[in-house]
Amino acid sequence: MIKGRATAAGTASYAERFKQLPDHFRNLVGWRASSIGIGTYLGDADERTDRLYQEAITSAIGSGINLIDSAIVYRLMRSERSIAQAIGDLIAANKLKREELIVATKGGYLAFDAVPPKNPREWFKREYLDTGIIGPGELIDDSNCIAPRYIEAMVNRSRANLDLETIDIYYLHNPESQLSGVSRAEFIRRIQAAFEVLEKGVADGRLGVYGCATWDGLRSDPQHAGYLSLRELVEAARAVGGEQNHFKVIQLPFSLAMAEAWTHSNQSIGDRAQGSILEAARHYGIAVCASASIMQGRLARRLPPVVADALSGLETDAQRSIQFTRSTPGVDVALVGMKSRAHVLENIATAKIAPAGQASLSKLFEPQ
């Protein structure tokens, strides 16, 4: 296993090598993180895609991207293993130090290992029920589990897949899925139990910080069955870890087509009635990584002319979409899936232009 973890000094040293990228690096829970991160979600579970990701990750690290995002369920654990190969090769070649890199992954969904089993029910019984890792009623929708024994097992499996002693950011993956099967009171109990496991992981050095990676939960209306309150999540973390808890990061989709995190007031903020999730995160001191910045390529072309007018100096719609996300106040990192060197080079070119100001962003939501 590769020893070490992301550090303030290491990530600052990495950032120093890319002074030509204005305002590209931001403070992220004490680290210097690139405003664009590489995601590893899409693609077939095959050796060809493994190689593509390894090449893309290598190119990204060499171009000014030092945050890599994954999940154990991505490509049947193969994305985590592709990350391990790329990082290991760079460290072995003395082209990277472990402390310069921020690695994030997620657990909560059932994940097959490299290939789907011939009999999924038999596999599930053998791997999780017979071993007691998942108990009765703990699996929701036949896919999502945040039970302590399961999260503990997934943390250790991801560490092995990534070949890392310490995972810098560990997310519970779409925990709002639990609300389709349990009451909100039971959900909070389950969240606290999972947070206890993650606090233990921080204490023994397996994790750096933790958080929740969500899809609908943090941007939906409070009346929605799957709604997540950031205040309740923060309170749950305080209940198990005190004021010095390590619940420090959230992830949610944010883009030109999914702008609710900025435009929608749905969160309680201290004594105030409501505010956006970005405002709430700032209030509670929680970092924000935005997923789906180009919506799996759908925002990489055919954007209306107003976008090019507002976000000038960029050559492609993919760059303009990334610029919008990384420029929005409260967003620390814009995550973009990249599995080719060409995409990496196109996307990192966005960072050659300073983030857009409030006036430019506001133009995008004016009536046309």
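So, the largest pocket: 35 residues line it, and the ones nearest its centre are Tyr41, Leu42, Ala292, Gln296 and Gly337. Keep in mind that this is a predicted model. The volume of that pocket comes out at about 820 Å³. If you sort the lining by class, you get 16 nonpolar, 13 polar and six charged residues. Where does the lining come from? Well, strand E12, residues 333–337, and helix H12, residues 341–348, each put in at least two residues.

Let me stay with Tyr41 for a moment, since there's an aromatic partner to look at. Searching the whole structure turns up 13 aromatic pairs. In one of them, the ring centres of Tyr41 and Tyr74 sit 5.0 Å apart with the planes at 50°, so this one counts as tilted. These two are 33 residues apart, and the pair links distant parts of the chain. Tyr41 is in the loop between strand E3 (36–39) and helix H2 (47–63), while Tyr74 is in the loop between strand E4 (67–69) and helix H3 (78–92).

Okay, E3, E4 and E12 have all come up now, so here's the barrel. How many strands close into it? Eight, and going round, the order is E3-E4-E5-E6-E7-E8-E11-E12, with parallel pairing. From one strand to the next, the twist averages 30°.

Let's zoom in on one piece of that. Strand E5, residues 102–107, pairs with strand E6, residues 167–173, in the parallel sense, over four bridges. If you want a spot to click on, find Thr105, which stands opposite Tyr170 in E6.

Now, what lies across E6? That's helix H6, residues 184–203, and the same helix also lies across strand E7 (207–213) and strand E8 (247–253). Relative to E7, helix H6 runs at about 155°.

Last stop, the second largest pocket. There's about 230 Å³ of space in there. What's the lining like by class? Eight nonpolar residues, three charged and no polar ones. For anyone following along on screen, the lining residues are Leu110, Ala111, Phe112, Pro120, Arg121, Trp123, Phe124, Lys125, Leu129, Leu139 and Asp142.

So, to recap the two pockets: about 820 Å³ for the largest, and about 230 Å³ for the second largest. That's it from me.

Terms used:
Residues are numbered from 1 along each chain as its sequence is written. This is a predicted model: local features need pLDDT of at least 70, side-chain atom pairs count only at pLDDT 80 or more; totals for chains, interfaces and linings use all residues. Side-chain values use heavy atoms; hydrogens and water are left out. Two strands pair if DSSP finds at least two bridges between them. Axes are lines fitted to C-alpha atoms, for helices over the stretch in contact, and angles run from 0 to 180 degrees between N-to-C directions. Contact means heavy atoms within 4.5 Å. On a 1 Å grid over the protein atoms alone, a cavity is a set of points where a 1.4 Å probe fits but cannot get out, and a pocket is an open set with protein on both sides within 12 Å along at least five of seven lines; lining residues have an atom within 4 Å of a point. Grid points are joined across faces, edges and corners, and a volume is the space filled by probe spheres set on the points. Ala, Val, Leu, Ile, Met, Phe, Trp, Tyr, Cys and Pro count as nonpolar, Asp, Glu, Lys and Arg as charged, and the others, Gly among them, as polar. Rings of Phe, Tyr and Trp (its six-membered ring) pair if their centres lie within 6.5 Å; planes under 30 degrees apart count as stacked, over 60 as edge-to-face and the rest as tilted.
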